[in-house]
Amino acid sequence: MKPYPALPYLSGNFAPILAECDADDVIVEGEMPRDLNGALYRTGPNPMFPPLGQSHHWFLGEGMVHALFVEDGRVRYRNRWVRTEQYNAQRKAGRRLYSSGFGLDAGDPSVAGKPRNVANTNIVPHAGKLFALDEGSSPVAMNPETLETVGTSTFDGRYKGPMTAHPKIDAETGEMFFFGYMAAGPATPDIAFNVVDRTGALTRSERFKAPFAAMVHDFAITDRHVVFPIFPATIDVQRIMKGGPLIAWDPDQGSHIGIMARSGSTADIRWFKGPPVYVYHPLNAYSEGDTVVVDLCVYPRVPLFPNADGSRAAPDLGDAPAHLERWTFDLAANTDQFKRDTLDDLATEFPRIDDRWTGLKHRHGYTGAILGEKLPGSPFDTIVHFDLAKGTRETWTPGPGDFVMEPVVAPRGPGEANGYVLTLVYRSAENRSDLVVLDAQNVKAGPIATAKLPVRVPFGFHGNWLAAA
Ligand SMILES: [Fe+2]
């Protein structure tokens with residue numbers, strides 16, 4: 001194929017790798033803990049062919065999954081593209097057929113009207129299955145060991161719509177909660193809400209209308225409530241018909257946060273209103289008395305998308321990073337307002353907790369952060385551990401030219417954040433990647449063990465730890 005154009009999200013460690021491989025035993029520096037047994041799955045965009053034109057969006061590269069199997073101190077590595085219909089059609093054709101831009105650059109006529117599925121945003125184990133997810137498509141099941149693609153999952157035909165890349169799993173019940181936006185078709189404000197039980201059976205499926213159609217990336221659950229945040233990155237048919245952008249920053253619409261009792265239905269959603277901001281990722285949420293508390297990484301404006309009139313964001317706003325806030329909703333008060341508190345001013349993203357505390361009152365949070373120079377694409381140079389009970393934070397920065405990815409917590413024993421923090425580190429001087437294992441209670445001490453991966457892992461989105469059975 002021809003070279004990829006020198007666009008920012010196709011360069012450096014955003015550039016795809018083109019090999020799929022297996023490495024049965026990689027070099028480990030330090031001692032990989034013997035009580036760390038399982039698999040770390042990571043995914044991100046890895047465009048399989050150059051873009052059709054000069055327009056390429058980071059979010060639209062075909063997903064590649066990287067699996068790091070940790071067993072008795074050893075590490076195995078495997079990577080595979082997700083074999084979606086999009087992938088298979090393009091591999092057969094030997095070229096790009098689907099556009100990788102949000103603009104009007106049409107794809108090949110042979111795929112006209114066929115939905116895009118890049119399956120590149122998250123890779124989530126549940127009920128013995130492994131789901132490759134992007135928020136616009138149905139989940140794609142993969143074999144957790146071989147990473148072979150099994151195919152589109154419809155939960156026995158009970159739900160055929162899109163699925164968020166950020167389902168939430170209640171650690172106590174084992175249920176997986178998820179939503180899908182544009183559930184009634186492109187640019188509709190309809191949102192589907194579904195629950196899958198611990199055996200993988202879909203037990204609940206409802207629909208509601210959001211205040212407007214928008215890019216809805218993530219949500220939150222507590223042990224008693226479900227939180228649907230709608231931010232003004234709108235999807236407007238009228239605008240699209242006039243040649244405007246598909247997804248755009250539309251601050252006049254404000255932010256709308258829907259809260260529903262888990263015991264109720266989507267007809268009972270209560271909507272709170274706030275100023276226009278954007279959140280890709282909540283850290284976690286919990287219910288306490290009559291309040292619902294949500295911690296989230298808040299941007300002053302949606303990154304990576306234009307204004308509603310098609311113009312680019314002013315750099316001071318469009319490139320502004322997110323920081324951690326706590327939003328408190330008082331369900332006993334007769335108001336549609338909520339309380340906003342800044343927890344920390346650091347530039348942070350990719351917030352994670354010990355997933356066993358999903359929906360419960362958490363004390364510990366982990367994020368990526370930028371402490372050094374803000375570089376193109378804003379890769380994160382530091383892992384942060386927030387102790388929200390003490391109001392303190394500790395950091396680990398691997399070093400100049402090194403960049404971290406989302407921190408994933410792998411439990412070790414009982415108690416919140418009793419475990420390890422796993423992240424991938426890109427070493428730009430060597431153009432290669434490592435798996436780094438930190439102590440979740442002492443990240444500042446640096447790596448307990450470092451596994452030197454056989455291939456570079458491009459900057460991606462999300463991952464999860466699946467403990468060995
Ligand atoms: Fe995400």
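This passage describes the fold of one predicted chain, from its overall dimensions to its sheets and a single arginine.

The structure is a predicted model, in which local features need pLDDT of at least 70 and side-chain atom pairs count only at pLDDT 80 or more, while totals for chains, interfaces and linings use all residues. Residues are numbered from 1 along each chain as its sequence is written.

A good place to start is the chain as a whole. It has 3 helices and 33 strands; helices (H or I, at least four residues) and strands (E, at least two) are DSSP runs, numbered from the N terminus. The C-alpha atoms fill a box of roughly 60 × 55 × 50 Å along the principal axes. The radius of gyration, taken over C-alpha atoms, can be set against a globule rule of 2.2 Å times the number of residues to the power 0.38. For 469 residues, a compact globule would come out near 23 Å, and the chain's 21 Å agrees with that. Of the 469 residues, 46% are buried. Here a residue is buried if 20 or more other C-beta atoms lie within 10 Å of its own, exposed if 12 or fewer, and partly exposed in between, with C-beta atoms placed from the backbone. Two residues are in contact if their C-beta atoms, placed from the backbone, lie within 7 Å. Among contacts with a separation of 6 or more, 57% are made by residues 24 or more positions apart.

The sheets come next. Strands of a sheet pair through backbone hydrogen bonds, either parallel or antiparallel. In this description, two strands pair if DSSP finds at least two bridges between them.

One open sheet consists of 4 strands in the order β20-β21-β22-β23, with antiparallel pairing. Its edge strands, β20 (278-288) and β23 (339-344), each pair on one side only. Neighbouring strands of this sheet are turned by 25° against each other on average, direction ignored; the axes are lines fitted to C-alpha atoms, for helices over the stretch in contact, and angles run from 0 to 180 degrees between N-to-C directions. Within the sheet, strand β21 (residues 291-299) is joined to strand β22 (residues 323-330) by 8 antiparallel bridges. Thr291 stands opposite Asp330 of β22.

Another open sheet of 4 strands follows the order β24-β25-β26-β27, again with antiparallel pairing. At its edges lie β24 (348-352) and β27 (392-396), each of which pairs on one side only. The average turn between neighbouring strands of this sheet is 25°, direction ignored. Strand β26 (residues 382-387) runs antiparallel to β27, and 5 bridges join them. Asp387 has Thr392 in β27 as its bridge partner.

Strand β18 (residues 255-261) is mostly covered, with 5 of its 7 residues buried. Two antiparallel partners of β18 can be described. Strand β15 (residues 225-230) pairs with β18 over 6 bridges, and Val226 has Met260 in β18 as its bridge partner. Strand β19 (residues 270-274) pairs with β18 over 5 bridges, where Lys273 in β19 is the bridge partner of His256.

Strand β30 (residues 419-427) is also mostly covered: 8 of its 9 residues are buried. Strand β28 (residues 402-404) runs antiparallel to β30 and is joined to it by 3 bridges, with Val404 opposite Val425 in β30. Strand β29 (residues 408-411) pairs with β30 in the antiparallel sense over 4 bridges, and here Val408 stands opposite Leu422. Strand β31 is likewise antiparallel to β30, over 8 bridges. Val425 has Asp434 as its bridge partner in β31. The hairpin of β30 and β31 has 4 residues between the strands, and in this hairpin Asn431 takes a positive phi near 55°.

Finally, a single residue of β31 can be followed. Arg432 is found in this strand, which covers residues 432-439. Arg432 counts as partly exposed because it has 16 C-beta neighbours inside 10 Å. Leaving aside residues up to four places away in sequence, Arg432 touches Arg427, Leu453 and Arg456. Gly243 lies 189 residues from Arg432 along the chain, and the C-alpha atoms of these two residues are separated by 41 Å.
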